[in-house]
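Visitor: I am new to this structure and would like a close look at one part of it. Could you take me through the aromatic rings and what lies around them?

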Amino acid sequence: MTVSTFAVATLLAAVAVQGGPGIDLSKLELKNAKVEVVTWKGSSAIKVVQDEMTQDGALVIKGPTFHNGTIEVDVAGLPGARANEAARGFIGVRFRMQADGKMETFYVRPTNGRADDQLRRNHTVQYTSEPDWPWFRTRKETPGLYETYADMEAGEWVHLKIVVRGIDAQIHVGGATQPTMLIKGLKLGDVSGGVALFVGPGTDGYFKNVRITAD
């Protein structure tokens, strides 16, 4: 077991023995977020909402930095009561976070998964690299390369699995054995950094069963 795997396994066990969602709140640093342990769709979970609804919220996992390996988590996202009409329930994972604010992000837009509009469906799964490659830049300059479709419903649990190797990454959505999205050339290059759970503006987000395994 690597150092990173051990740190997160300990984080998981601390709450799991109490019947919680598999996340120890004391191991999280909150960024524009408030959290509570709730029951959602029959499971114990951490609920996350933003303090400032027009900005992202994040739960930074304290511990060793992440380089290569696998990040898995179950998420459920939906527009909250204070969300505007552009809200899609954005929810996902940030990784290889840098001290200067740069980071890689995979997230989903759950309301797009069953939309009666093919173009919206094609925007369900998203990769970005902040701050230089936000979604609107990738969509304009490399349309279709960093977003794709996966079936999901707003507010329902969906499993995310991110596999990172050097400058490449794969994301598996909903238990898919084949990657839902392939990234050949992560924008930050072959670096190490922190990991965070992420919710976008206007989202009520739910997380459970976080697991990080380092190679």
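**A close look at the aromatic rings**

Guide: Happily! There are 7 aromatic pairs in the structure, and please keep in mind that this is a predicted model. Two numbers will help us along: a pair of aromatic rings is described by how far apart the centres are and by the angle between the planes.

Let us begin with Phe90 and Tyr107. Their ring centres are 6.2 Å apart and their planes stand at 65°; an angle over 60 degrees counts as edge-to-face, so that is what this pair is called. The two residues come from distant parts of the chain, 17 residues apart. Phe90 belongs to the loop between β5 (69-79) and β6 (91-97), while Tyr107 is part of strand β7 (residues 103-108). Are these two buried or exposed? The limit for buried is under 20% relative accessible area, so Phe90, at 15%, counts as buried. Tyr107 is buried too, with a value of 6%.

Now find Phe95 and Phe106, which form a stacked pair. Here the distance from centre to centre is 6.1 Å, with 15° between the planes. This pair also links distant parts of the chain: Phe95 sits in strand β6 and Phe106 in strand β7, 11 residues apart. Phe95 has a relative accessible area of 0% and is therefore buried. For Phe106 the value is likewise 0%, so this residue is buried as well.

The story of Phe95 and Phe106 goes on, since ring pairs join them with Tyr127 and Tyr146 into a cluster.

Some rings have a charge for company instead. Look at Trp133: the charged end of Arg137 sits over this ring, 3.5 Å from the ring's centre. At Trp157, Lys208 lies over the face, at 4.4 Å from the ring centre.

To finish, step back to the sheet that contains β5, the strand before the loop of Phe90. It is an open sheet of 7 strands with antiparallel pairing, in the order β2-β3-β14-β5-β10-β11-β12. At its edges are β2 (33-40) and β12 (181-184), each of which pairs on one side only. On average, neighbouring strands in this sheet are turned by 25° against each other, direction ignored. At one edge, β12 pairs with β11 (residues 168-173) in the antiparallel sense over 4 bridges. If you would like a spot to find there, Gln170 stands opposite Leu182 in β12.

Terms used:
Residues are numbered from 1 along each chain as its sequence is written. This is a predicted model: local features need pLDDT of at least 70, side-chain atom pairs count only at pLDDT 80 or more; totals for chains, interfaces and linings use all residues. Side-chain values use heavy atoms; hydrogens and water are left out. Two strands pair if DSSP finds at least two bridges between them. Axes are lines fitted to C-alpha atoms, for helices over the stretch in contact, and angles run from 0 to 180 degrees between N-to-C directions. Rings of Phe, Tyr and Trp (its six-membered ring) pair if their centres lie within 6.5 Å; planes under 30 degrees apart count as stacked, over 60 as edge-to-face and the rest as tilted. Buried means under 20% relative accessible area, exposed over 50%, partly exposed in between (1.4 Å probe, protein chains only). A charge sits over a ring if NZ of Lys or CZ of Arg is within 6 Å of the ring centre and within 35 degrees of the ring normal.
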